[in-house]
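The exercises below are meant to be worked through with the sequence and the coordinates open side by side. Each task is followed by a solution that proceeds step by step.

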Amino acid sequence: MQVELIKNIFRAYDIRGIVDKEVTNDLALSIGKAYGSFLIKNNKKTIGVGGDVRLSTESLLDYLTQGLLSTGINVISFNKLPTPISYYSLHNDNLNVDAAIQITGSHNPSNYNGFKLTYDAKPFYGDDIQLLYNMILNEDYIQSKGTFRSYDIISDYTQMIESKIKIKNRLKVAIDCGNAAGCIVAPHLYEKFNIDLYKLYCDIDGNFPNHHPDPTVDVNLVDLQNFVIKNKCDVGIAFDGDADRIVAVDENGAIIRSDILISIFLSKIIKDGDSVVYDVKCSKALEDMIKKFNGNPVMWKTGHSLIKNKMKQERAKIGGEMSGHIFFADDYFGYDDAIYVGLRLIELLSNQNKKLSEIISEVPKYFSTPELRFDCKDDQEKIDIMNRVFDYFSSKYSFSDIDGIRLSLDDGWALIRCSNTQPVIVCRIEASTKNLLDKYEKMVIEKLLSFGVKTNEHI
């Protein structure tokens, strides 16, 4: 039976949409059949599957598994776990898996869910996802019978992390798991280290009753900020819905995003000429710090899959995105694991006789907006508006078109780009002073509104 397909949920980096309306059990079954067939055609034998804590995950996981098994692929079930541990399965010598699928809605509200796919220890994205779409459309499936078994990969992951992290001086740490997948691992794992741990929203609840599991939106960090100040913690750490993105809070409650976090790790990781890969939304402060330590700044397109692949090309030891994805490849595997990144941050703090705010003060200070998101009716309107944006701004300013258009302004910059995952235009602006920032923000927003975008709750 042909499943009802909605093409726009087959996005650049994953497959994601509204449960029961766009993401259904039948879709999960078809994805299993298509991905299993793809793997068999490429002489692969084994896949690991898992999911986050959303209420819809268990059923989707069951149907996905049925679809995979029907193609002859062998399935290893990890049950519920954070996305980074799904990535870890492809580096675990005990398993020898060829691919993985994680069912997750990431940082989206509770009525969303989706599928993140990995193949040969690399992201499966872009044209690959469109290939999968066409396989489902044409019901291009192999029929056979695979085997099924469960495996406790969380135990392996915990032991691996314990072997890598050394906390010297005891610190007071608050973590906010947002009632999401981080709850499964982070509280228990962090308590194994030299930490006084304070837990906020660390009980699993797939309805996410306290706040959306998206730490890139400032309002979702308010409780953690207040908690850190009240309990005099050294640092606060917030994870997103599947624990592959991180935002930190210093001892004064100030928000520290991932581009600035990357900056404070550089002195311990890079040597002369080493590349650091970061996306177009990152602050110039990161570029400044890379140059300070004689590294090679490589600005690249937004998207965790794109950054990971670019890091491999550049042989970079660290990289990341402003949206919370940080990738360590010095003593780690090059994928985004917020639980591990949080421990690296705590380790760094424990080895320095400084407050986090003092360490951050060594990073150049710029004034910037958060990520501004402007709604469009649909993806086609998004593209039409972006064409008008490019025509207008490219005639007036120097620019980079690596990803969208990043304008070079006097003592600042402005980025305008299409989201690869939603019908929105994304914007970020930075300047050397608050007055300049206000001026540039007003200029960009007024022009975008004149082109027909809609503001949303994040503006």
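**Exercise 1.** In the hairpin of strand 5 and strand 6, which residue takes a positive phi?

*Solution.* Bear in mind throughout that the model is predicted. Begin with the pairing: strand 5 and strand 6 (residues 122-123) are antiparallel and are linked by two bridges, and within strand 6 it is Lys122 that serves as the bridge partner of Tyr119. Next, look at the two residues between the strands, where Asp120 has a positive phi near 55°.

**Exercise 2.** Work out how strand 5 is paired with strand 1 and strand 4, and explain why strand 5 is described as largely enclosed.

*Solution.* First, take strand 1 (residues 15-18), which runs antiparallel to strand 5 and is joined to it by four bridges; here Ile18 has Tyr112 as its bridge partner. Second, take strand 4 (residues 99-103), whose antiparallel pairing with strand 5 extends over five bridges, with Ala100 standing opposite Thr118. Finally, turn to burial: strand 5 spans residues 112-119, and because seven of its eight residues are buried, the strand is largely enclosed by the rest of the structure.

**Exercise 3.** Characterise helix 11 (residues 338-350) and find what share it has in the largest nonpolar core.

*Solution.* Start with the geometry: the 13 residues of helix 11 reach 18 Å from the first C-alpha to the last, close to the 18 Å expected at 1.5 Å a residue. At the start of the helix, the backbone nitrogen of Ile339 has a side-chain oxygen of Asp337 within 3.1 Å. As for exposure, 13 of the 13 residues of helix 11 are buried. Now consider the largest nonpolar core, which has 75 residues and in which Ile161 and Ile346 are among those with the most contacts; helix 11 supplies nine residues, the largest share of this core. Beyond its neighbours within four places in sequence, Ile161 is in contact with residues including Tyr340 and Leu343. A second, separate core has 34 residues, including Leu27 and Ile136.

**Exercise 4.** How many disulfides does a search of the whole structure find, and are Cys282 and Cys418 buried or exposed?

*Solution.* The search returns zero disulfides. Checking individual cysteines, the sulfur nearest to that of Cys282 belongs to Cys427 and is 15 Å away, while for Cys418 the nearest is that of Cys376, at 7.3 Å. A disulfide would require the two sulfur atoms to be within 2.5 Å. For the second part, Cys282 is buried, with a relative accessible area of 0%, and Cys418 also counts as buried, because its relative accessibility is 18% and the cut-off is under 20%.

Conventions: Residues numbered from 1 in each chain as written. Predicted model: local features only at pLDDT ≥ 70, side-chain atom pairs only at ≥ 80, totals over all residues. Heavy atoms only, no water. Buried < 20%, exposed > 50% of the residue type's maximum accessible area, 1.4 Å probe, protein only. Pairing = 2+ DSSP bridges. Expected span 1.5 Å × (residues − 1). Polar contact = N/O pair within 3.5 Å; in protein donor to acceptor, adjacent residues only side chain to side chain. Core = buried A, V, L, I, M, F, W, Y, C linked by side-chain atoms within 4.5 Å. Contact = heavy atoms within 4.5 Å.
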